[in-house]
Amino acid sequence: MNKNFSYYLSKFLKDYLIVERNMSKHTIRSYKKAFQILIDFLVNIKGFQLKDITFEKVTRDIILEFLNYLEDDKKNNIRTRNQRLASIKSFYQYCAIDEIENIDNIRKILSIKAKKEVKKVMTYLTEEELNKVFNNIDTTTIKGRRNLTLLVLLYDTAARASEMINLKLEDIHLEEKYIILTGKGNKQRIVSMMDQTQQLLIKYIKENNITTGYLFNKKGRKMNNDFIKDIIKSSIKIEKIISPHTFRHTRAVHLLDKGVNIVYIQELLGHASINTTMEYAKVIEKEKFEAIKKANPQIDDQLSDWNDNADLLSQLLSL
């Protein structure tokens, strides 16, 4: 890799993202992964030598070819493709100020649009389904009691999986009944908890003799995302595909259904924009519409076919 490209990439990953942007370790890992895959593509697929990876030779067409490679060969979904593109564009934006001689090529890469993503249907649990999930967990074992505590906390606080596995004992304020969650971009928010959640946590902490460190851990070390997925897989006994995020969706939908102000729900979820939270409101409206539709009598078959009634159409047009 020539000095310019490698120099800027090193400064971008080590100084800009960490010092200037104060991005989380998770986000920085995502950026590094994007460039690892890009460099691997350039070297092993396109046949570049490391010294050939320059601002001049990595063109817009090559980046587009890389994005297609992610989808077609690596079988990445559109969301992952767009995330890789966002990482690349962020780097080129960072370089644009100093790399004046390559500004034309940089602008062309910055002009690449994210691919439109088909939104997945939001999965959530009804109150009946949620109770069934909690009631089906075997709480006669220490592992089962841990699983119940984690899933109840996941639902009650509407936390992301990453926020839950990074939760430490110091973040739990049992007497005041709230916890501090650290979300995207290291942003912290205070989330209250129900009495039931408080009691489960008190018992869990005491039973597992947790005095410091990660709340859910294995010999003091924090768990990874698969930890929560495995708990859900072993606990869920209903016919729905459920992920850790399902509990977050479920909490938001339940609160909206009970008339809680959407601004409060935005704060609970830690959304930067109210528009993101509004997606949950659309789910509620759709459910209400479907319920009203089912309650109405089916009268379609009793209506005449207006397309075949030429006389009636003529009368209407002459009015």
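Okay, let's start at the surface with V263, which is partly exposed, its relative accessible area being 38%. That valine is in helix α12. Before I go on, a reminder that we're looking at a predicted model.

So what's around V263? Together with Y264, I274 and M278, V263 makes a nonpolar surface patch of about 350 Å². Two elements give two or more residues each to that patch: α12, which is 262-269, and α13, which is 274-295. V263 qualifies for a patch because the cut-off is over 30% relative accessible area, and V263 has 38%.

Zooming out to the whole chain for a second. We've got 14 helices and 5 strands. Of the 319 residues, 39% are buried. The accessible surface comes to about 20,000 Å², and carbon and sulfur atoms own 50% of that. And if you take contacts between residues at least 6 apart in sequence, 62% of them join residues at least 24 apart.

Now, the aromatics. How many aromatic pairs do we count? The count is 19. Let me show you two of them.

One is Y8 with F55: the ring centres sit 5.9 Å apart with the planes at 65°, so this one is edge-to-face. The cut-off there is over 60 degrees. Y8 is in helix α1, residues 3-20, while F55 is in the loop between α2 (25-45) and α3 (60-72), so the pair links distant parts of the chain, 47 residues apart. Buried or exposed, these two, Y8 and F55? Both are buried.

The other is F41 with Y69. Here the centres are 5.0 Å apart and the planes are at 40°, so we call the pair tilted. This pair also links distant parts of the chain, with F41 in helix α2 and Y69 in helix α3, 28 residues apart. Again, F41 and Y69 are both buried.

Back to Y8 and F55 for a moment, since both belong to one aromatic cluster. Among the other members are F5, Y7, F12, Y16, Y31 and F35, and the cluster also includes F91, Y92 and Y94.

Last stop, the sheet. There's an open sheet of 3 strands, in the order β1-β2-β3, with antiparallel pairing. Which strands are at the edges? Those are β1, at 172-173, and β3, at 188-192, each pairing on one side only. Strand β2, residues 178-182, runs antiparallel to β3, and 5 bridges join the two. If you want one to click on, take I179, whose bridge partner in β3 is V191.

How values were computed:
Residues numbered from 1 in each chain as written. Predicted model: local features only at pLDDT ≥ 70, side-chain atom pairs only at ≥ 80, totals over all residues. Heavy atoms only, no water. Pairing = 2+ DSSP bridges. Helix = DSSP H or I, 4+ residues; strand = E, 2+ residues; numbered from the N terminus. Buried < 20%, exposed > 50% of the residue type's maximum accessible area, 1.4 Å probe, protein only. Contact = heavy atoms within 4.5 Å. Areas by Shrake-Rupley, 256 points an atom, 1.4 Å probe, with all protein chains shown as cover. Patch = residues over 30% accessible without salt bridge, like charges linked within 9 Å, V, L, I, M, F, W, Y side chains within 5 Å. Salt bridge = Lys/Arg side-chain N within 4 Å of Asp/Glu carboxyl O. Phe/Tyr/Trp six-rings, centres within 6.5 Å; stacked < 30°, edge-to-face > 60°.
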